[in-house]
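Please look through the structure shown here before reading on. The report below is written for a reader who is new to protein models.

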Amino acid sequence: MARSSAVVAPQVQLGGARDDAILHGRTMVLAVVALALANFMVMLDMTIANVSVPHIAGGLAVSPSQGTWVITSYVVAEAIIVPLAGWLAARFGATRVFITCISLFGLCSLLCGLAPSLGALIIFRILQGLSGGPIMPLSQTLLQRLVPPHLRAQTMSIWATTTVVAPVVGPVLGGAISDGLGWPWVFFINVPVAMLLVALALRTLPLREMTQRLPVDFVGLGMLVIWVGALQIMLDKGGELGWFDSPIVVGLLILAVVGFLAFLIWELTDEHPIVDLRIFRHRDFAISCVAMSLTFAGLFSANLLIPLWLQTNQGYTAYWAGMVTGFNGVLAVIAAPFCARLVIRVDPRHLVSISIVWIAFVMVWRSTLTPGLSFQQLVLPQLAMGLAMPFFYVGLMNLAMASLAPAELAGGAGLLNFARTTAGAFGASLTTTAWTNSALVTHNTFVGRLNDLDGLVESFRSAGLERDQALGLIDSLIQNQAVMLSTNQIFRALAILMVVAVGITWLAPKSTRSPSRSP
């Protein structure tokens with residue numbers, strides 16, 4: 001039942017590949033660099049501030065738990081704005097929105113670095129998330145629109161590589177900058193990059209675009225803000241508040257569920273919805289979103305769990321833990337050109353399935369970790385994981401976008417990135433909670449199975465330790481083993497999740513459109 005009767009302009013091909021929009025030569029190369037680098041910058045900011053929270057908390061004289069709102073505020077704002085990418089592109093033009101968002105992202109980054117208080121920093125981080133969110137789907141959409149068909153696979157491989165590499169580089173770079181220059185420079189480094197990107201975009205991207213004078217769906221927008229905000233805050237603060245023992249968490253969950261159902265009903269019945277959920281009528285797109293959610297939840301959880309384990313139980317600093325995870329991107333960069341060639345010739349379902357199976361294999365490999373492994377031994381699974389990343393991302397994006405109409409590409413990219421972002425947050429919260437609880441249960445089980453504790457304590461005392469020192473050492477040894485077993489159990493569970501994702505991928509129909517042709 002439609003509630004809006006505004007007259008709109010004819011449908012435009014926001015993601016289309018009109019001949020007059022295709023770029024060539026040096027202009028195309030510079031445009032690809034600008035789009036890929038913009039995506040890298042935004043993805044980097046999702047994780048670069050994570051290891052800087054203690055520095056930020058100390059610099060602004062707040063507690064570390066309060067400092068985590070610097071992360072939460074950005075994630076919530078980004079999650080809210082990402083699904084709106086399609087509407088913004090249709091209303092104002094993809095290129096204009098892209099350039100505006102980069103400009104605002106650079107300005108907000110500057111303001112974050114200059115923030116005099118935590119409250120000001122949180123406000124600027126919200127604005128930074130709102131300006132950075134559309135950059136990811138719009139960079140993907142503009143690549144599809146502006147690059148010649150026979151080069152799209154190669155350029156999308158480059159884009160996918162930035163998506164993989166940036167989040168794992170973030171903690172390494174953030175730790176080094178915070179230790180060496182101070183936490184404000186975690187944000188200041190975005191400013192010159194944003195200025196360069198704006199200059200490149202103005203020079204290479206076409207500014208003349210057809211747009212639609214769409215009415216603003218304020219009701220849908222309000223519902224989106226409510227349910228996404230409630231869900232993200234619940235996921236981020238659930239562990240800290242004790243999950244469902246906390247009335248705050250229960251209230252946030254109820255608000256998220258009710259808000260989502262109301263949002264779903266409104267958007268599916270409104271004539272001009274703020275988020276076009278009708279895109280899910282395409283089965284390959286819907287299946288791709290589910291596969292993306294499951295797989296990325298596992299990947300994000302693993303990338304979170306490894307540095308946590310290294311720092312809390314293996315004595316690694318934030319910098320060196322980041323160095324271990326950073327090796328994910330090495331083989332991803334090397335594999336990208338091969339992925340570009342294969343994706344043109346191979347059914348994307350095969351590429352996605354093989355890559356997810358490889359990810360599952362690496363998860364099983366990680367489940368055999370033991371305390372005291374060398375840096376080289378820890379790096380090997382990370383290197384292997386990177387091999388699958390381009391094939392997974394590029395294959396899944398081709399599968400998702402294959403049946404979308406040109407005008408649906410921006411909205412589809414926004415929804416796919418929203419699914420990825422939300423699944424990552426959900427997976428991270430579940431994983432950290434399960435990891436902590438499993439370690440506690442295993443610890444208590446080990447303690448209950450100890451034989452002759454007094455004799456064991458006496459053996460340590462005979463070596464020169466006091467009784468309290470001996471008990472502390474025994475408890476530390478038990479805790480390390482409990483955490484190690486818990487970590488391995490989580491990786492085995494993530495491997496099973498990958499197997500489920502492979503099965504779901506094959507529910508998608510075989511694509512009848514070559515990824516090298518225009519949609």
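What follows describes the model from its overall make-up to its core, its salt bridges and a patch on its surface.

This is a predicted model, in which local features need a pLDDT of at least 70 and side-chain atom pairs count only at pLDDT 80 or more, while totals for chains, interfaces and linings use all residues. Residues are numbered from 1 along each chain as its sequence is written, and side-chain values use heavy atoms, with hydrogens and water left out.

**Confidence and overall make-up**

The pLDDT, which is the predictor's confidence in each residue on a scale from 0 to 100, averages 81 over the protein, and 90% of the residues score at least 70. Over residues 1-20, however, the pLDDT is below 50, and this stretch has 52 contacts in the model beyond near neighbours in sequence, where a contact means heavy atoms within 4.5 Å. Residues 514-519 also stay under a pLDDT of 50, and for them the model has 20 contacts beyond four places in sequence. Where pLDDT is low, the predicted coordinates should not be read in detail.

The secondary structure comes to 21 helices and zero strands; helices (H or I, at least four residues) and strands (E, at least two) are DSSP runs, numbered from the N terminus. Of the 519 residues, 55% count as buried, a word that here means under 20% relative accessible area, whereas exposed means over 50% and partly exposed lies in between (1.4 Å probe, protein chains only). Among contacts between residues at least 6 apart in sequence, 85% join residues at least 24 apart.

**The nonpolar core**

A nonpolar core is a set of buried Ala, Val, Leu, Ile, Met, Phe, Trp, Tyr and Cys residues joined through side-chain atoms within 4.5 Å. The largest one has 148 residues, of which Phe 98, Leu 121, Met 389 and Tyr 393 touch the most other members. Helix α18 (residues 375-401) gives the most to this core, with 14 residues. Leaving aside neighbours within four places in sequence, Leu 121 is in contact with several residues, including Ile 56, Leu 60, Trp 183 and Phe 187.

**Salt bridges**

Side chains of opposite charge can pair when their charged atoms come close. The structure holds four salt bridges, each defined as a side-chain nitrogen of Lys or Arg within 4 Å of a carboxyl oxygen of Asp or Glu. The table lists some of them.

| Pair | N to O distance |
|---|---|
| Arg 125 and Asp 45 | 3.6 Å |
| Arg 278 and Asp 276 | 3.7 Å |
| Asp 347 and Arg 349 | 2.8 Å |

Arg 125 lies in helix α7 (residues 118-132) and Asp 45 in helix α1 (residues 25-45), so their salt bridge ties together parts that are 80 residues apart in sequence. Arg 125 is buried at 1% relative accessibility, and Asp 45 is buried at 0%. Asp 347 and Arg 349 are buried too, with relative accessible areas of 13% and 11%. By contrast, Arg 278 is partly exposed at 32%, and Asp 276 is partly exposed at 30%.

**The surface**

The accessible surface of the protein comes to about 21300 Å², of which 69% belongs to carbon and sulfur atoms; such areas come from the Shrake-Rupley method with a 1.4 Å probe, and for residues only the protein chains shown count as cover.
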